[in-house]
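The exercises below are to be worked with the sequence and the model side by side. Each one sets a task and then goes through a solution step by step.

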Amino acid sequence: MPELTVKRWEELYDRAFPQVYRALVAATLDRERALDGLHDAFEEGLQHPPSDDRNLEGWLYRVALRKTRRGLLRALREGFATDLPADDPSAAVLQRLEVGRLLALLTKRQRAIVVAHYYLGFRNRKLRKL
């Protein structure tokens, strides 16, 4: 298997970026996080290239999707900052809307685990049964 050189990653970036980016946006409905996830995937590919280079676009999509979803879950965990004062009722409404939007991006199982953990306080042992 030939080693994946920086030049080959540059070629992959030029060739695959638009298509993989569009697929990520369609899957996550979040352009900013999709872009971050895709850049993180390219970085991972440079640092730890896949052992099989027959389907680099597929590998890139899978890694970027995983990184994008992790970013969405991290945002959900950390809460969402708004420019509105904390006592403004609009801030709470905006936060609930954003949480709902992010939860809708998850699979049913992922959503059940997130809700059980953050809303019900379940921990690992109980979550494994979901």
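**Exercise 1. Place Thr 68 in the fold and list what surrounds it.**

Step 1. Thr 68 is part of helix α3. The model is a predicted one.

Step 2. Decide between buried and exposed. Buried means under 20% relative accessible area. Thr 68 has 1% relative accessibility, so it counts as buried.

Step 3. Collect the neighbours. Leaving out residues up to four places away in sequence, Thr 68 touches Leu 24, Thr 28, Arg 33, Ala 34 and Gly 37.

Step 4. Look for a polar partner. A polar atom of the Thr 68 side chain lies 3.4 Å from the backbone oxygen of Arg 33.

**Exercise 2. Describe helix α2 and determine which of its faces is buried.**

Step 1. Helix α2 runs over residues 31-47, which is 17 residues. From its first C-alpha to its last it reaches 24 Å, close to the 24 Å expected at 1.5 Å a residue.

Step 2. The buried residues of α2 are Ala 34, Gly 37, Leu 38, Ala 41, Phe 42 and Gly 45. Seen down the helix axis, the buried residues of α2 fall within an arc of 140 degrees, so they line one face.

Step 3. The spacing can be related to helix geometry. An α-helix has 3.6 residues a turn, so residues three or four places apart point the same way.

Step 4. Turn to the other side. The face of α2 directed away from the buried side carries the exposed residues Glu 32 and Gln 47.

**Exercise 3. Work out the surroundings of Asp 30, at the start of α2.**

Step 1. Asp 30 sits in the loop between α1 (6-28) and α2.

Step 2. Its relative accessibility is 8%, so Asp 30 counts as buried.

Step 3. List the polar atoms it approaches. A side-chain oxygen of Asp 30 comes to within 3.3 Å of the backbone nitrogen of Glu 32. The side chains of Asp 30 and Arg 33 are joined by a polar contact of 2.9 Å.

Step 4. Add the contacts from further along the chain. Not counting residues up to four places away in sequence, Asp 30 touches Val 25, Leu 72 and Arg 101.

**Exercise 4. Find which helices supply the largest nonpolar core.**

Step 1. This core has 17 residues. Those with the most contacts inside it are Leu 12, Val 20, Leu 24, Leu 38, Phe 42 and Leu 60.

Step 2. Assign the core to helices. At least two of its residues come from each of α1, α2 and α3 (56-78). The largest share, seven residues, is supplied by α1.

Step 3. Take one core residue as an example. Val 20 touches Leu 38, Glu 57, Leu 60 and Tyr 61, not counting residues up to four places away in sequence.

Step 4. Set this against the general tendency. In soluble globular proteins, nonpolar side chains tend to be buried together.

**Exercise 5. Classify the ring pair Tyr 13 and Phe 17 and place it among the aromatic residues.**

Step 1. The structure holds five aromatic pairs. In the pair Tyr 13 and Phe 17, the ring centres are 4.9 Å apart and the planes stand at 35 degrees, so this pair is tilted.

Step 2. Tyr 13 and Phe 17 are four residues apart in helix α1, which means about one helical turn separates them.

Step 3. Compare the exposure of the two residues. Tyr 13 is partly exposed at a relative accessible area of 33%, whereas Phe 17, at 16% relative accessibility, counts as buried.

Step 4. Widen the view. One aromatic cluster is formed by Trp 9, Tyr 13, Phe 17, Tyr 21, Phe 42 and Trp 59. Of these, Trp 9 lies in helix α1 and is buried, with a relative accessible area of 4%. Trp 9 and Pro 49 are 40 residues apart in sequence, with their C-alpha atoms 9.5 Å apart in space.

**Exercise 6. Summarise the whole chain: how many helices and strands does it have?**

Step 1. There are six helices and zero strands, in the order α-α-α-α-α-α along the sequence.

Step 2. The chain has 130 residues, of which 31% count as buried.

Step 3. Among contacts with a separation of 6 or more, 55% are between residues 24 or more positions apart.

Methods
Residues are numbered from 1 along each chain as its sequence is written. This is a predicted model: local features need pLDDT of at least 70, side-chain atom pairs count only at pLDDT 80 or more; totals for chains, interfaces and linings use all residues. Side-chain values use heavy atoms; hydrogens and water are left out. The expected span of a helix is 1.5 Å times one less than its number of residues. Buried means under 20% relative accessible area, exposed over 50%, partly exposed in between (1.4 Å probe, protein chains only). The arc is that of the directions from the helix axis to the C-beta atoms. A polar contact is a pair of N or O atoms within 3.5 Å; within protein, one must be able to donate a hydrogen and the other to accept it, and residues adjacent in sequence count only if both atoms are side-chain atoms. Contact means heavy atoms within 4.5 Å. A nonpolar core is a set of buried Ala, Val, Leu, Ile, Met, Phe, Trp, Tyr and Cys residues joined through side-chain atoms within 4.5 Å. Rings of Phe, Tyr and Trp (its six-membered ring) pair if their centres lie within 6.5 Å; planes under 30 degrees apart count as stacked, over 60 as edge-to-face and the rest as tilted.
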